[in-house]
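Student: I've got a model open and I'd like to learn how to read the empty space, the rings and a few single residues. Can you walk me through it?

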Amino acid sequence: MDVVTSGTVLGAKPTDGPDRVTAILGSDFAENSFDDHSMWRDYGMVEFFWCRTSPDHPWEGHHFTLQVHRLSYWGGSIVNRAIRDRYGRFDRHLRFDKLERLLAKRGVRVEDVPDANAPAFTLHWQPASQVSVLAFRAHERGERRRGDERVGDVYAVSSSMSAETVAWNRARYGRQDA
């Protein structure tokens, strides 16, 4: 709930540099890169992404994603120590309807956003924090079930999704209910 309402992970913003994120989340990460212009660090359930115009330029924060679906495979052991220290134990599943209900109790609402991944997934957006929530809704026909994913589980939480991106999705995929 804190990520959806604040747009940060323990205070780490999507625009923060690698050193700041590591100061918050710790040095236990895997670093990945496709080239000299992009990099991401995998802190277990949380991944932060950076880009730069050239190797001579500093890394600029681009976005983060909480890969919530990883909980169904590995449980709370996939959650970064700093996050576990703050929030305690994690269940293998986070139900979207529960998350939405708890956010509503805080006065925070999410909007449904049409998405290319429908109907297997639904996309939801919190305008103030610009955080999106992707929820698992259906197995593709003929698809083997992976892990212990359940219909209605939160699949991922990501930042930042701008109002322009939401408008583009609505124009491209329609305003139908997610």
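Student: Let's start inside. How many cavities of 30 Å³ or more does the count come to?

Tutor: Here's the general idea: rolling a probe the size of a water molecule over the atoms shows where empty space is left. Keep in mind that this is a predicted model. The count comes to one cavity of 30 Å³ or more. The largest cavity holds about 60 Å³ of space.

Student: Which residues line the largest cavity?

Tutor: Val68, His69, Ser72, Arg92, His93, Leu94, Phe136, Glu149, Asp153, Val154 and Tyr155. Sorted by class, that lining has five nonpolar, three polar and three charged residues.

Student: And the open spaces? What volume does the largest pocket have?

Tutor: About 760 Å³. Its lining takes in 24 residues, and the closest to the centre are Met1, Tyr87, Phe90, Leu94 and Leu99. Look at the helices too: α1, α4 and α5 (96-105) each supply at least two residues of that lining. The classes come out as 16 nonpolar, one polar and seven charged.

Student: I've seen Leu94 twice now.

Tutor: Good eye. Leu94 is one of the residues lining the largest cavity, and Leu94 is also among those closest to the centre of the largest pocket.

Student: Which residues lie nearest the centre of the second largest pocket?

Tutor: Asp28, Tyr43, Val79, Asn80 and Arg81, out of 16 lining residues. The volume of this second largest pocket is about 180 Å³. Helix α4 gives the most to its lining, with three residues. By class, the lining divides into seven nonpolar, five polar and four charged.

Student: On to the rings. How many aromatic pairs does a search of the whole structure find?

Tutor: Nine. Take Trp40 and Phe49: that pair is stacked, with 5.9 Å centre to centre and 20° between the planes. To read the geometry, look at the angle: planes under 30 degrees apart count as stacked, and over 60 as edge-to-face. Phe34 joins Trp40 and Phe49 in one aromatic cluster.

Student: Are Trp40 and Phe49 buried or exposed?

Tutor: The cut-off for buried is under 20% relative accessible area. Trp40 has 16%, so Trp40 is buried. Phe49 has 17%, so Phe49 counts as buried as well.

Student: What does an edge-to-face pair look like here?

Tutor: Try Phe121 and Tyr155, at 5.0 Å centre to centre and 70° between the planes. This pair links distant parts of the chain: Phe121 sits in strand β6 (residues 121-126) and Tyr155 in strand β8 (residues 154-159), 34 residues apart. Phe121 is buried at 15% relative accessible area, and Tyr155 counts as buried at 18%.

Student: Now a loop residue. Where is Thr8 found?

Tutor: In the loop between α1 (2-6) and α2 (18-25). With a relative accessible area of 15%, Thr8 is buried. Its side chain makes a polar contact with the side chain of Ser6 at 2.9 Å, and the Thr8 side chain also reaches the backbone nitrogen of Gly11 at 3.3 Å. Setting aside neighbours within four places in sequence, Thr8 is in contact with Asp2, Val3, Lys13 and Phe64.

Student: One more loop: which residues does Gly75 touch, not counting those up to four places away in sequence?

Tutor: Arg70 and Arg92. Gly75 is in the loop between α3 (71-74) and α4 (81-87), and at 5% relative accessibility Gly75 counts as buried.

Conventions. Residues are numbered from 1 along each chain as its sequence is written. This is a predicted model: local features need pLDDT of at least 70, side-chain atom pairs count only at pLDDT 80 or more; totals for chains, interfaces and linings use all residues. Side-chain values use heavy atoms; hydrogens and water are left out. On a 1 Å grid over the protein atoms alone, a cavity is a set of points where a 1.4 Å probe fits but cannot get out, and a pocket is an open set with protein on both sides within 12 Å along at least five of seven lines; lining residues have an atom within 4 Å of a point. Grid points are joined across faces, edges and corners, and a volume is the space filled by probe spheres set on the points. Ala, Val, Leu, Ile, Met, Phe, Trp, Tyr, Cys and Pro count as nonpolar, Asp, Glu, Lys and Arg as charged, and the others, Gly among them, as polar. Helices (H or I, at least four residues) and strands (E, at least two) are DSSP runs, numbered from the N terminus. Buried means under 20% relative accessible area, exposed over 50%, partly exposed in between (1.4 Å probe, protein chains only). A polar contact is a pair of N or O atoms within 3.5 Å; within protein, one must be able to donate a hydrogen and the other to accept it, and residues adjacent in sequence count only if both atoms are side-chain atoms. Contact means heavy atoms within 4.5 Å. Rings of Phe, Tyr and Trp (its six-membered ring) pair if their centres lie within 6.5 Å; planes under 30 degrees apart count as stacked, over 60 as edge-to-face and the rest as tilted.
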